[in-house]
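Here are my notes on the model you sent. Please read them with the structure open.

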Amino acid sequence: MKTAQKGANTGTLVQIEGGAVKTIADAAAPQGTTIGVNHLFYNTPARLKFLKSAATELSHIIAAVSHQALARPISGSG
């Protein structure tokens, strides 16, 4: 995950591997938060056989994240 607040000179990089925090460091990052997920089932190979195409899995992820985001809108400052 990379995250940076509006107007900040630097952002923060957080890397987690196998459920443990691997890195927390200052990093160049655009305003906002970007989360990347790779090798989600690396330690549970039995789940790999149930995965569909990359496009199908991405659409499931987008739907899940969108539902969570819409359920918790950010309140405005005005």
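1. Start at the hairpin. β2 and β3 form it, with two residues between them. G18 sits in the turn and has a positive phi of about 65°. Keep in mind that this is a predicted model.

2. The two arms of the hairpin run antiparallel, and seven bridges join β2 to β3. One pair to look up is V14 and I24: I24, in β3, is the bridge partner of V14. As background, strands of a sheet pair through backbone hydrogen bonds, either parallel or antiparallel.

3. On to β1. Strand β1 covers residues 2–4, and strand β2 covers residues 11–17. They pair in the antiparallel sense over two bridges. K2 has L13 of β2 as its bridge partner.

4. Now the whole sheet. Four strands make it up, in the order β3-β2-β1-β4. The sheet is open, and its pairing is antiparallel. β3 (20–27) and β4 (32–34) are the edge strands, each pairing on one side only. From one strand to the next, the twist averages 15°.

5. Is V21 buried or exposed? V21 lies in strand β3. Its relative accessibility is 55%, and the cut-off for exposed is over 50%, so V21 counts as exposed. V21 still has contacts: leaving aside residues up to four places away in sequence, V21 touches Q15 and I16.

6. Next, the largest pocket. How much space lies in it? The value is about 610 Å³. The lining has 18 residues, and I16, E17, G36, V37 and N38 are the closest to the pocket's centre. β2 gives the largest share of this lining, with five residues. By class, the lining residues of the largest pocket are eight nonpolar, seven polar and three charged.

7. Last, the second largest pocket. About 450 Å³ of space lies there. It is lined by 14 residues. Nearest its centre lie V37, L40, F41, E57 and I61. The lining of the second largest pocket has 10 nonpolar, three polar and one charged residues.

8. A point to check on screen: V37. This residue is listed among those closest to the centre of the largest pocket. V37 is also listed among those nearest the centre of the second largest pocket. I16 deserves a look as well. I16 is touched by V21, and I16 is among the residues closest to the centre of the largest pocket.

Definitions and conventions. Residues numbered from 1 in each chain as written. Predicted model: local features only at pLDDT ≥ 70, side-chain atom pairs only at ≥ 80, totals over all residues. Heavy atoms only, no water. Pairing = 2+ DSSP bridges. Axes fitted to C-alpha atoms, helices over the stretch in contact; angles between N-to-C directions. 1 Å grid on protein atoms, 1.4 Å probe; cavity = no way out; pocket = protein on both sides within 12 Å on 5 of 7 lines; lining within 4 Å. Points joined across faces, edges and corners; volume = space filled by probe spheres on them. Nonpolar A, V, L, I, M, F, W, Y, C, P; charged D, E, K, R; others polar. Buried < 20%, exposed > 50% of the residue type's maximum accessible area, 1.4 Å probe, protein only. Contact = heavy atoms within 4.5 Å.
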